Amino acid sequence: MFDTNLDPFLHFDRLMKQAVAKQIPEANAMSLATVDEKGVPSVRIVYLKDVSQEGFVFFGNYDSHKGKDILANPNVCLNFHWPEIWHQIRITGKAEKISAAESDAYFATRARLSQIGAWASNQSAVIKDHDHLTRRVLEFEKQFDGQAVPRPPNWGGWRVKPTEIEFWFGLTGRLHERYIYSRAADGSWKTFMRSP
Ligand SMILES: Cc1cc2nc3c(=O)[nH]c(=O)nc-3n(C[C@H](O)[C@H](O)[C@H](O)COP(=O)(O)O)c2cc1C
């Protein structure tokens, strides 16, 4: 029985642990939907790297398509789909950049090749061919030879502060259960169900 008196982050934590325990591949991969300044939507997969009562954290390039969208319109939507346990979790909220210190701390944990890749790839920019990237990787490997790779200033994290979290549980006969947590103005959660 899904207890709507329980904090939604506790539910999220519990369900993520369940997904990991079931060895669902890439359980922390989530769709990230953004909207540009003209209202045109786009969606892509990113990894959830941290979650706390403050929100859901992912990383990428601030000058990328998603980065520009978020700058113009911080309203985003995240979605997890774990088919093996027939769960879906949708998070709607506003994305904001995390602090430089937090981004630095995470960047320092990344593999050196990924750190170099963050410098080499102007994420979302049009490129001539893949060799262009390989050349840039070599350039930055040379530049940072023998030293720690610093975080590129345009690379970092965002935190999505949820205004709504929906837990969806698949059931036979299409009579799925949908539990919604909606954030009230005073910060408390209002809970209700929606028809599947
Ligand atoms: C499983 C998976 C995980 C990914 N994780 C990230 C991520 O954490 N951050 C990121 O910027 N891109 C990630 N990507 C690449 C994105 O899907 C996307 O191609 C990239 O962020 C550029 O998107 P944009 O041009 O819409 O900004 C991931 C792709 C896959 C398939």
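This briefing covers the fold, strand pairing, nonpolar cores and ligand shell of a single chain. The model is predicted. The chain has 196 residues, of which 23% count as buried. It holds five helices and nine strands, and its C-alpha trace spans about 55 × 40 × 30 Å along the principal axes.

**Overall fold**
- Read along the sequence, the elements follow the pattern α-β-β-β-β-α-β-β-α-α-α-β-β-β.
- Among contacts with a separation of 6 or more, 58% join residues that are 24 or more positions apart.

**Pairing of strand S7**
- Strand S7 spans residues 155-169 and pairs with S4 in the antiparallel sense over six bridges.
- Within that S4 pairing, Phe-59 has Gly-157 of S7 as its bridge partner.
- Strand S6, residues 87-97, also runs antiparallel to S7, and 11 bridges join these two strands.
- Thr-92 is bridged to Glu-164 in S7.
- Strand S8, residues 177-183, is another antiparallel partner of S7, with six bridges between them.
- Ile-165 stands opposite Tyr-181, a residue of S8.

**Annotated C-terminal region**
- An unreviewed UniProt entry annotates residues 155-196 as "domain: Pyridoxine 5'-phosphate oxidase dimerisation C-terminal".
- In the model, residues 155-196 are 0% helix and 64% strand.
- The C-alpha atoms at the two ends of this region are 39 Å apart.

**Nonpolar cores**
- The largest nonpolar core contains 25 residues, and those with the most contacts inside it are Val-76, Leu-78, Ile-91 and Val-160.
- Helix H1 (8-21), strand S1 (29-35), S4, strand S5 (75-82), S6 and S7 each give two or more residues to this core.
- S5 gives the most, with five residues.
- Beyond its neighbours within four places in sequence, Val-160 is in contact with Gly-55, Phe-56, Val-76, Leu-78, Ile-91, Gly-93 and Ala-95.
- Another core, of five residues, lies apart from the largest one and includes Ile-116, Trp-119, Val-149 and Trp-155.

**Asn-75 in strand S5**
- Asn-75 is found in strand S5.
- Asn-75 counts as partly exposed because 15 other C-beta atoms lie within 10 Å, a number that falls between the limit of 12 or fewer for exposed and that of 20 or more for buried.
- Leaving out residues up to four places away in sequence, Asn-75 touches Val-35 and Lys-94.
- Val-35 is 40 residues from Asn-75 in sequence, while their C-alpha atoms are 7.5 Å apart in space.

**Ligand shell**
- The shell around the ligand has 15 residues, and Arg-44, Gly-60, Ser-64, His-65 and Ser-124 come nearest.
- By class, the shell is made up of six nonpolar, six polar and three charged residues.
- Strand S2 (41-47), strand S4 (55-61) and helix H2 (65-72) each supply at least two shell residues.
- The largest share comes from S2, with five residues.
- S4 thus appears under several topics: it supplies residues to the ligand shell, gives residues to the largest nonpolar core and pairs with S7.

Conventions
Residues are numbered from 1 along each chain as its sequence is written. This is a predicted model: local features need pLDDT of at least 70, side-chain atom pairs count only at pLDDT 80 or more; totals for chains, interfaces and linings use all residues. A residue is near a molecule or strand if its C-beta atom, placed from the backbone, lies within 6 Å of it. Helices (H or I, at least four residues) and strands (E, at least two) are DSSP runs, numbered from the N terminus. Ala, Val, Leu, Ile, Met, Phe, Trp, Tyr, Cys and Pro count as nonpolar, Asp, Glu, Lys and Arg as charged, and the others, Gly among them, as polar. UniProt positions are given in the numbering used here, feature names are shortened, and annotations may be inferred rather than shown by experiment. Two strands pair if DSSP finds at least two bridges between them. A nonpolar core is a set of buried Ala, Val, Leu, Ile, Met, Phe, Trp, Tyr and Cys residues joined through C-beta atoms within 7 Å. Two residues are in contact if their C-beta atoms, placed from the backbone, lie within 7 Å.
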